[in-house]
Amino acid sequence: MTLASPRTKNNHNCLFTERRILLCCAPYKESIGVEAAWRTRIRDGDRLCTECVPRGACKFGVSVLAFDDAAQHMRSTILCPAAYEGGPGVAHGGWVCAALDEVLGQTVMEYHARVVTANLSVDFRLPVPVGEALTGHAWIDALDGRKVRATGELRLAASDAVLARATGLFIIIDPAHYVRHADWLAQQKVTGGTA
Ligand SMILES: CCCCCCCC/C=C\CCCCCCCC(=O)SCCNC(=O)CCNC(=O)[C@H](O)C(C)(C)COP(=O)(O)OP(=O)(O)OC[C@H]1O[C@@H](n2cnc3c(N)ncnc32)[C@H](O)[C@@H]1OP(=O)(O)O
């Protein structure tokens, strides 16, 4: 099976940079359109969360390699940074969750511009080595209204052994989601949550 548009971690050209700015900053101020069509892929390219945009790389060490259009399957390249070591030589479980959230989230965002994770269930099958090449694999299972279900795996690149597996529920949000949150937070601070 041929993987479309292979990308590397350092393949940060202008197009991707523009896209990141569009995806990470603008969506909460103006709509870039709502995708209605299930299994219609909306774009191609790495996306970064707000805080990682200036650095140009995911702080969790996840980068999207390629999307297999035929299989609707996202493959990522991953390296657990030393900062997320938990036990000796192995990743903290929180990093495993974050990496899988990213891998699944990136996959869902290939179809839906704005989603947040509502639920993530992780099976820790084997310790995940720090500083060893890993791969992420994820795919979408189902769409039900605003709910998108996805599954993903973290594998050891050397052998393809599955180290951790997650299922996630992602909710499609509207452009005002973060504005509403900021208003809610401000109100909580005023009322102490009593209003
Ligand atoms: C980190 C942020 C990234 C932002 C993107 C920036 C660009 C980045 C670009 C590239 C990134 C690459 C990838 C990143 C991936 C990471 C994504 C994350 O980690 S997101 C952060 C963690 N998640 C939250 O902070 C959500 C907090 N929760 C909420 O905001 C709300 O609870 C929300 C939006 C999830 C739902 O609230 P409602 O009011 O909009 O909708 P209601 O009616 O409650 O739920 C809709 C349906 O979903 C079900 N639902 C909701 N939560 C559920 C749950 N936990 N379990 C089961 N069902 C649930 C409900 O029962 C309902 O179902 P029925 O339509 O009635 O059938």
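This report covers the fold, the central sheet, two hairpins, one buried residue and the ligand shell.

**Overall fold**

The model is predicted. The protein has three helices and six strands. Along the sequence they follow the pattern α-β-β-α-β-β-β-β-α. Of the 195 residues in the protein, 28% are buried. Take the contacts with a separation of 6 or more: 69% of them are between residues 24 or more positions apart.

A record adds one annotation. The unreviewed UniProt entry gives "domain: Thioesterase" for residues 89-154. Over residues 89-154 the chain is 24% helix and 44% strand. The end C-alpha atoms of that stretch are 17 Å apart.

**The sheet**

Six strands form an open sheet. Their order is β1-β2-β4-β5-β6-β3, and the pairing is antiparallel. β1 (62-68) and β3 stand at the edges. Each has a single partner strand, so one side of each is left without a neighbour in the sheet. On average, neighbouring strands of this sheet are turned by 25 degrees against each other, direction ignored.

Strands of a sheet pair through backbone hydrogen bonds, either parallel or antiparallel. Three of the pairings here can be set side by side.

| Strand pair | Sense | Bridges | A residue pair in it |
|---|---|---|---|
| β2 and β4 | antiparallel | six bridges | R75 opposite H137 |
| β4 and β5 | antiparallel | ten bridges | I140 opposite A150 |
| β5 and β6 | antiparallel | nine bridges | V148 and F170, bridge partners |

β2 spans residues 73-78, and β4 spans residues 134-144. I78 also has a bridge partner in β4, namely L134.

Which strands does α2 cross? It lies across β1, β2, β3, β4, β5 (147-156) and β6. α2 runs at about 130 degrees to β3.

**Two hairpins**

β4 and β5 form a hairpin with two residues between the strands. There G145 takes a positive phi near 65 degrees.

β5 and β6 form another hairpin, with five residues between them. D160 sits in the loop between β5 and β6. D160 has a positive phi of about 70 degrees, although it is not a glycine. Is D160 buried or exposed? D160 counts as exposed, because it has 10 C-beta neighbours inside 10 Å and the cut-off for exposed is 12 or fewer.

**A buried position in β4**

A138 lies in strand β4. A138 counts as buried, because it has 27 C-beta neighbours inside 10 Å and the cut-off for buried is 20 or more.

What does A138 touch beyond its neighbours within four places in sequence? Its contacts are M74, V103, L104, T107, A150, T151 and G152. M74 falls within the residue range of β2. V103, L104 and T107 fall within that of α2 (93-108). A150, T151 and G152 fall within that of β5 (147-156).

A138 can also be placed relative to G105. A138 and G105 are 33 residues apart in sequence. In space they are 9.1 Å apart, C-alpha to C-alpha.

**The ligand shell**

How many residues surround the ligand? The shell has 20 residues. The closest are R47, G105, V116, A118 and N119.

Which elements supply at least two residues each? They are α1 (14-24), α2 (93-108), β3 (115-124) and β6 (162-172). By class, the shell has ten nonpolar, five polar and five charged residues.

Some of these parts have appeared above. α2, one of the contributors to the shell, is the helix that lies across the six strands. β3, another contributor, stands at an edge of the sheet. β6, also a contributor, pairs with β5 over nine bridges. G105, one of the closest residues to the ligand, is the residue whose C-alpha lies 9.1 Å from that of A138.

Conventions
Residues numbered from 1 in each chain as written. Predicted model: local features only at pLDDT ≥ 70, side-chain atom pairs only at ≥ 80, totals over all residues. Near = placed C-beta within 6 Å. Helix = DSSP H or I, 4+ residues; strand = E, 2+ residues; numbered from the N terminus. Nonpolar A, V, L, I, M, F, W, Y, C, P; charged D, E, K, R; others polar. UniProt positions renumbered as here; feature names shortened; annotations may be inferred. Pairing = 2+ DSSP bridges. Axes fitted to C-alpha atoms, helices over the stretch in contact; angles between N-to-C directions. Contact = placed C-beta atoms within 7 Å.
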